[in-house]
Every structure is written in structure tokens, then in C-alpha cells.
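I am opening a new notebook page for this structure. I will go through one helix, then the sheets, then the charged pairs.

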Amino acid sequence: MSGRLGEILIKESLITSGQLQQALDYQKQHGGRLGSCLMKMGFITDDEITAVLSRQYGVPSINLKYYEVDANVIKLIPQETAVRYQVVPLSRVGSTLTIAMTDPTNVFAMDDIKFMTGFNVEPVVASESAISEAIQKFYGDTQSVEELTKVMKDLTGDESEDLELAAEEQEMDLAALEKAAEEAPIIKLVNLILTDAVKRGASDIHVEPYEKELRVRFRVDGVLQSVMNPPLKLKDAITSRVKIMAKLDISEKRLPQDGRIMIKYRRDGKRKELDFRVSTVPTLFGEKIVMRLLDKENLRLDMTKLGFEPESLAKFERAILRPYGMVLVTGPTGSVKTNTLYSSVARLNTPETNIMTAEDPVEFQLAGINQVQMKEQIGLNFAAALRAFLRQDPNIILVGEVRDFETAEIAVKAALTGHLVLSTLHTNDAPSTISRLMNMGIEPFLVATSVNLICAQRLVRRVCTNCKEPLQVPEQALLDAGFSPEEAKSVTICHGRGCGTCNKGGYKGRVGLYEVMEINDELRELILVGASALELKKKALDQGMVTLRRSGLLKVAAGLTTLEEVLRESVL
């Protein structure tokens with residue numbers, strides 16, 4: 001290992017041949033490992049050695065200074081074995097034991113540990129000095145683990161859900177994990193955060209480091225809520241735990257990273273599968289982590305239950321049942337555009353149709369549909385996927401997002417050559433989508449002939465049905481919001497008083513607002529002559545289009561949401 005390490009460091013231009021020779025001479029006189037000798041002589045740092053080894057062997061690296069290990073995990077590998085192979089057990093998830101080692105190519109060590117413990121072994125790399133210190137720390141004295149357990153006791157309580165990390169490409173062992181009391185405190189805390197998010201119905205988890213505090217927030221029904229402030233000294237340990245679960249590079253703290261955690265979760269005696277999409281971004285005081293919860297049970301594939309007005313739903317279904325053309329769904333991030341598209345392809349999914357999707361990322365796996373995950377780093381983007389799809393004899397193509405001219409051009413051509421194309425865009429309303437396509441460089445005659453329908457959507461919070469009650473609102477406020485004088489006199493406005501069911505917020509769940517613009521011959525003529533979004537909107541309104549604001553007002557009148565929510569998400 002010493003010879004290889006020296007060659008690697010020279011190749012990476014981190015040390016010179018002369019410095020290597022000096023270190024080898026020092027090693028002959030004083031003993032010890034080469035990495036430690038190089039560090040003692042000031043030629044290289046611990047982090048540099050770890051980063052080099054991680055790149056060389058293609059396995060994640062770890063900074064053991066910030067890592068606490070459960071005493072029960074330590075017991076899995078005897079001290080003599082740890083010293084002989086220079087390894088430290090870190091965590092056990094299901095049937096997999098993660099170990100830190102200086103030489104991840106040492107198959108003899110991994111085979112020995114696998115035979116000894118009965119678990120599959122997954123290595124992460126750490127420097128020689130860090131491994132030595134960790135062996136002394138964890139095998140010499142377990143006091144630090146006990147102190148951390150005391151610190152975390154108030155945060156975690158006595159109960160936790162069974163949580164099992166699932167492999168992305170293979171089925172994990174379904175054996176139950178050890179009880180929470182037997183788990184490492186950091187693992188227990190992260191499990192608590194994930195399971196609590198599921199219980200509260202959160203869509204996102206934010207872990208945010210600041211100068212003097214660490215904050216955890218959940219986004220519930222579209223609104224962020226603070227849920228806990230773990231001790232600041234646990235910042236790096238929590239970040240490392242989440243990154244290990246998401247198979248991210250622990251040593252890389254300067255660049256954003258994206259990953260995925262797939263877990264199997266036991267609740268009320270039932271086993272559920274959940275996906276968390278993980279994103280890390282370096283901030284001033286550490287890495288901020290956002291985890292998007294993708295729960296299949298929250299995916300509504302029945303179009304009649306999404307919240308469309310009857311006339312809007314009829315137009316939408318008419319457009320997606322056409323054999324060719326383009327249907328676009330627009331709205332900001334988090335307005336469940338993907339859910340609408342998935343509902344559309346679920347409606348069209350029959351044994352006679354070939355449906356292909358290009359997504360970034362693939363949020364939910366749908367049976368009978370060919371889904372392709374984008375990988376920008378190897379050149380597999382939306383445009384490349386679309387070109388390949390056209391050689392795959394498709395009937396229906398779903399493109400995750402039209403981001404640029406190239407993707408838009410291929411999608412339009414596909415829509416004009418006998419394919420139904422479904423996609424999303426980021427625009428404020430349905431009419432402005434036409435202008436957006438033209439700004440991308442698509443000719444007006446291509447837009448006019450290819451686009452069948454545009455659906456703009458938003459999400460608003462739903463009034464809690466448990467504490468819903470009437471609310472007196474001045475008639476002028478109703479008129480200003482867009483109600484007609486007749487409606488303003490008769491409409492009953494509701495709000496949530498606040499109860500245990502909605503956590504005193506007055507809202508529970510969300511409902512969609514939809515603006516559906518069907519492109520008919522009259523609108524096509526306006527597009528061909530370069531009409532503005534305002535002119536297109538006026539013509540669509542004359543033809544009966546329900547705007548986002550009107551969709552919201554209808555839901556207010558039905559007692560589904562509040563006036564404040566509609567005013568926040570739509571304009572007149």
C-alpha cells in the first residue's frame with residue numbers, strides 16, 4: 001500500500017519524488033505508515049490523502065473526526081481484527097455493514113470480515129491516521145458514545161420507526177432492524193427526522209446550518225414549518241449520515257450533489273416503500289440538505305380527483321385522446337405538474353400503446369411505461385433522449401421539461417409527425433406559454449399547428465374539514481377578488497378555526513387550480529399573426545376558458561379553500 005500511495009500522490013502532484021524519498025527515509029528510522037510520515041513532515045494533509053484515495057478507488061471517503069459509532073456496531077469486529085486490517089465498523093443497515101478502511105482493494109480483509117460477521121461489507125475510505133485515532137477512540141473508550149446518547153435523548157425520545165435502507169437495484173433483506181435503543185444516536189436522529197416527516201405529511205425536509213444553530217424544517221401543504229434545532233456540533237455527523245444513505249461523496253463539501261435514498265418503512269404493522277430525492281448545496285456555515293419525499297400513496301392517477309372543473313377536464317381529456325399533437329402543463333416548481341402528466345399517461349396506458357418518458361429525475365415508477373432517467377454528465381439530456389425515442393416506434397412521448405430550443409424543436413417535430421407529446425414549461429399562465437415557445441426560437445406556424453392544449457396550474461391549501469366554519473368577509477373584498485355582484489351577495493366563505501387534526505393551522509391537504517386553454521382554429525389564426533399573450537387570453541376567455549383566479553374563486557365558493565390562498569397564488 002505504501003508504494004502505491006506514494007506513486008498516487010506523485011501522480012496527483014501533491015508531493016514530489018524528493019519529498020516521497022524523505023518520507024520513506026523517515027519511515028525507516030521511526031517506523032509507522034507512509035501516510036502518517038508524510039503528514040508529520042508537513043508534506044500533505046489528512047483531507048488531501050483521503051480525497052486522493054477516494055478518487056483512486058472510486059469509493060466514498062469519510063472524515064472520522066465527526067463520526068460517532070454505536071457501541072453495538074463496534075462489537076461486530078474485534079479490536080485485534082480492526083488493528084490488523086486497519087478498519088473501523090461504521091454502521092449496519094439491513095444486511096450491509098459499512099466499514100472505513102485505508103485500502104478498499106484489500107479483498108482479504110473484506111472477505112474475513114464478511115465471514116466473521118455474516119454481513120455484506122461496503123467500504124468507505126479514510127486516512128491511516130484517522131483510522132488509528134478512531135480505533136483508539138472507539139475500542140479504547142466508549143464514553144463519548146454514551147455522552148452523545150445523553151445529548152440526543154431529549155430529541156429522539158424512546159420510540160422510533162423501523163427504517164431500512166433499500167438498495168436501488170436489488171431487493172434488500174426484509175429482516176427487522178435492531179430497536180432504536182440499540183442504534184447509534186445519529187442514525188436514530190436521522191431516522192426520526194425521516195419518519196416524522198412522513199407522519200406529518202411533509203413534502204420536503206430542509207436541514208439548514210447557520211452560524212449559531214442547526215435548523216430542521218418540514219414543508220407541509222406548501223408552507224415551511226420549523227420542527228427541531230439539534231445541537232450545532234451534530235451538523236457534520238447528520239450531514240455525513242444523510243450523504244452515506246444517499247450514496248454521495250462525503251469528502252466533497254464544496255460542490256452541490258444530488259442523490260436518492262430509497263427506504264422501506266414500517267408503520268402500523270404495514271411495510272411501505274418511500275423515496276427521498278436528496279440535494280446538497282454548500283452554504284456559508286456548512287452544507288444545506290433538502291430531501292423531497294416521493295410517496296407513491298400520494299400520487300393521484302385518477303384525473304377526476306385532481307381538482308379540474310368539469311369543463312376544463314373535458315377539454316384536457318379531449319386533447320390527450322387525440323392521436324398526435326402537443327399538450328403542455330405549466331406552473332412553478334412544486335405545483336405537481338408531474339402528477340398531472342402521470343395521470344395523463346396512466347389514462348392512456350393500454351397494451352396497444354408504446355409510451356416513452358424522458359425525466360429528470362424519474363419520480364415514480366409506472367408499470368407498462370418505458371421511463372428513461374436523464375444523465376447530463378454523459379450527454380443523455382432531453383434532446384438526445386427525444387431523438388432516440390423517435391427511433392423506438394412510440395405512440396406517446398412524455399418529456400419532463402422543455403428547457404431549450406433544441407428540445408422544443410424536436411418535441412414540436414414529433415408532435416407534427418404522428419406522436420402525442422406531453423411536457424411541462426415554467427410560465428405564469430396558459431396564454432404566455434405561446435410567447436415562451438416563440439422566444440425559444442420556434443416559428444409561429446409550428447407552434448400553431450403542433451400545440452393542442454395548454455394547462456396552467458397552482459396548488460392552494462385545503463380548508464381543514466374538521467374545524468371548517470363560515471367567515472364574514474366584506475362584500476367589497478369579494479368584488480375586488482373577482483366575484484360578480486350577484487355571487488358576492490350569496491357566496492359563503494369558509495376558513496379553518498384550527499384544531500388538533502390540522503395542527504392549529506386551519507388547513508389540511510391541498511387542492512389544484514387549473515387554467516385550461518384549448519388551441520382551436522381561431523386561436524391558431526391569432527398565433528400565426530403573432531398576437532400577444534394578452535390578445536390570446538382575451539380570445540380564450542370569450543370562448544369560455546376558466547382562468548386560475550376563476551378556478552380558485554369556484555373552490556372558495558365550494559368551501560374547499562380560503563380567499564387568502566387564492567389571492568396568494570393567482571392574479572386577475
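**Entry 1: helix α16.** I began with burial along α16, where P431, S432, T433, I434, L437 and M440 are buried. The model I am reading is a predicted one. I then recalled a general point about spacing: an α-helix has 3.6 residues a turn, so residues three or four places apart point the same way. Just past the end of α16 I checked the backbone and found G441 with a positive phi of about 115°.

Next I asked how the axes of α16 and α21 cross. Helix α16 covers residues 431-440 and helix α21 covers residues 533-542. Their axes come within 8 Å and cross at roughly 145°. I noted the crossing of α16 past α21 as right-handed. Which residues make the contact? From α16 I listed P431, S432, I434 and S435. From α21 I listed A533, L536 and K537. I sorted the residues of this contact into 4 nonpolar, 2 polar and 1 charged. P431, S432 and I434 appear in the contact list and also among the buried residues of α16.

**Entry 2: the whole protein.** I stepped back for the totals. I counted 23 helices and 19 strands in the protein. Of its 572 residues, 51% are buried. I also looked at contacts with a separation of 6 or more: 65% of them are between residues 24 or more positions apart.

**Entry 3: the sheet of 7 strands.** I wrote down the strand order of this open sheet as β13-β12-β14-β15-β11-β16-β19. Its pairing is mixed. Which strands stand at the edges? They are β13 (370-373) and β19 (507-518), and each pairs on one side only. Ignoring direction, neighbouring strands here are turned by 20° against each other on average.

I looked inside the sheet at β11 (residues 325-330) and β16. These two run parallel and are joined by 5 bridges. I picked out L328, whose bridge partner in β16 is I454. Helix α15 (residues 405-416) packs on this sheet. It touches β11, β14 (396-399) and β15 (420-425). The direction of α15 makes about 135° with that of β11.

**Entry 4: V463.** I stayed with β16, which spans residues 451-463 and holds V463. Is V463 buried or exposed? V463 counts as buried, because its relative accessibility is 2% and the cut-off for buried is under 20%. I listed its contacts, leaving aside neighbours within four places in sequence. They include K468, C494, H495, G496, Y507 and T562. I also checked V463 against C502, 39 residues apart along the chain. Their C-alpha atoms are separated by 9.1 Å.

**Entry 5: the sheet of 3 strands.** This open sheet has the order β1-β2-β3, with mixed pairing. I asked why β1 and β3 each have one side without a neighbour in the sheet. β1 (87-93) and β3 (120-125) are at the edges with a single partner strand each, so one side of each stays free of a neighbour in the sheet. On average, neighbouring strands of this sheet are turned by 30° against each other, direction ignored. β1 and β2 (residues 96-101) run antiparallel, joined by 6 bridges. One residue pair I noted is V93 with its bridge partner T96 in β2.

**Entry 6: salt bridges.** I counted 26 salt bridges. I looked at three pairs and one network.

- E475 and K489 meet at 3.9 Å, N to O. E475 is in helix α18 (residues 475-481) and K489 in helix α19 (residues 485-490), 14 residues apart. E475 is partly exposed at 38% relative accessibility, whereas K489 is exposed at 63%.
- E487 and R550 meet at 2.7 Å, N to O. E487 lies in α19 and R550 in helix α22 (residues 548-557), so this pair ties together parts 63 residues apart in sequence. E487 is partly exposed at 23%, and R550 is partly exposed at 28%.
- R568 and E569 meet at 3.2 Å, N to O. R568 is partly exposed at 46%, and E569 is partly exposed at 22%.

My last note is on the network, where salt bridges link E208, R215, R217 and K288.

Key:
Residues numbered from 1 in each chain as written. Predicted model: local features only at pLDDT ≥ 70, side-chain atom pairs only at ≥ 80, totals over all residues. Heavy atoms only, no water. Axes fitted to C-alpha atoms, helices over the stretch in contact; angles between N-to-C directions. Helix = DSSP H or I, 4+ residues; strand = E, 2+ residues; numbered from the N terminus. Left-handed = near helix turned anticlockwise from the far one by under 90°. Contact = heavy atoms within 4.5 Å. Nonpolar A, V, L, I, M, F, W, Y, C, P; charged D, E, K, R; others polar. Salt bridge = Lys/Arg side-chain N within 4 Å of Asp/Glu carboxyl O. Buried < 20%, exposed > 50% of the residue type's maximum accessible area, 1.4 Å probe, protein only. Pairing = 2+ DSSP bridges.
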